[in-house]
Amino acid sequence: LDDDVTYIVKRTDLCFVLLNVFPYTPGHIMVLPKRPVASLDGLTDDEHDEIWRLTRTAVTAVKNAFKPHGLNVGVNEGAAGGGSIPDHLHIHIVPRWTSDTNFLTTVSDARILPISLKESLDRIRDHWPD
């Protein structure tokens with residue numbers, strides 16, 4: 001499928017960045033290695049270097065695109081660690097604002113977002129450092 005359909009922001013040789021389709025806040029993205037790896041210690045040295053370099057660049061893009069007051073950046077490793085996809089490591093980048101609702105889910109796992117996923121995707125791509 002096309003990157004616009006799958007909400008992929010950026011691809012590199014070993015990793016990619018995509019929007020979380022069930023975001024906590026607008027601009028919530030994830031950085032993943034292309035190869036399914038369950039844990040940080042399963043990454044090759046090249047994957048490790050690229051995923052963290054890409055995470056740093058993604059943080060810059062999110063800050064520039066959304067002007068958050070802060071960020072949550074984290075890895076939930078394994079099912080017991082809160083990983084929603086425990087067999088494929090991913091790093092969350094979640095923009096936060098002083099007045100946000102701290103990931104409030106209203107009814108039936110529905111979240112209220114002030115902008116569409118497509119607008120989030122476009123903003124992050126437009127602010128991606130080259």
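This report describes the overall fold of one protein chain and then three of its residues.

**Overall architecture**

The structure is a predicted model. Three helices and five strands make up the secondary structure of the protein chain. Read from the N terminus, these elements follow the order α-β-β-β-α-β-β-α.

The radius of gyration of the protein chain is 14 Å, which agrees with the value near 14 Å for a compact globule of 130 residues. Along the principal axes, the C-alpha atoms fill a box of roughly 40 × 35 × 30 Å. Of the 130 residues, 37% are buried.

Contacts also link distant parts of the sequence. When contacts between residues at least 6 apart in sequence are considered, 62% of them join residues at least 24 apart.

**Surface and charge**

The protein chain exposes about 7,400 Å², and carbon and sulfur atoms supply 52% of this area. The chain carries 13 positive and 18 negative charges, and the mean positions of the two groups are 6 Å apart.

**A buried threonine in helix H2**

Helix H2 covers residues 45-66 and includes Thr 55. Is Thr 55 buried or exposed? Its relative accessible area is 4%, so Thr 55 is buried, the cut-off for this class being under 20%.

Which residues does Thr 55 touch, leaving aside its neighbours within four places in sequence? They are Val 31, Val 73, Ile 91 and Ile 93. In addition, the side chain of Thr 55 reaches the backbone oxygen of Ile 51 at a distance of 2.7 Å.

**Two residues with positive phi**

Most residues other than glycine have a negative phi. Against this background, Tyr 7 has a positive phi, near 60°, and Lys 67 has a positive phi, near 50°.

Both residues are found in loops. Tyr 7 is in the loop between helix H1 (3-6) and strand S1 (8-11), whereas Lys 67 is in the loop between H2 and strand S4 (70-75). Tyr 7 counts as partly exposed because its relative accessibility of 21% lies between the cut-offs of 20% and 50%. Lys 67 is exposed, since its relative accessible area of 57% is over 50%.

The table below gathers the accessibility of the three residues discussed.

| Residue | Relative accessible area | Class |
|---|---|---|
| Thr 55 | 4% | buried |
| Tyr 7 | 21% | partly exposed |
| Lys 67 | 57% | exposed |

Methods. Residues numbered from 1 in each chain as written. Predicted model: local features only at pLDDT ≥ 70, side-chain atom pairs only at ≥ 80, totals over all residues. Heavy atoms only, no water. Helix = DSSP H or I, 4+ residues; strand = E, 2+ residues; numbered from the N terminus. Rg over C-alpha atoms; globule rule 2.2 N^0.38 Å. Buried < 20%, exposed > 50% of the residue type's maximum accessible area, 1.4 Å probe, protein only. Contact = heavy atoms within 4.5 Å. Areas by Shrake-Rupley, 256 points an atom, 1.4 Å probe, with all protein chains shown as cover. Lys, Arg positive; Asp, Glu negative; His and termini not counted. Charge placed at Lys NZ, Arg CZ, Asp CG, Glu CD. Polar contact = N/O pair within 3.5 Å; in protein donor to acceptor, adjacent residues only side chain to side chain.
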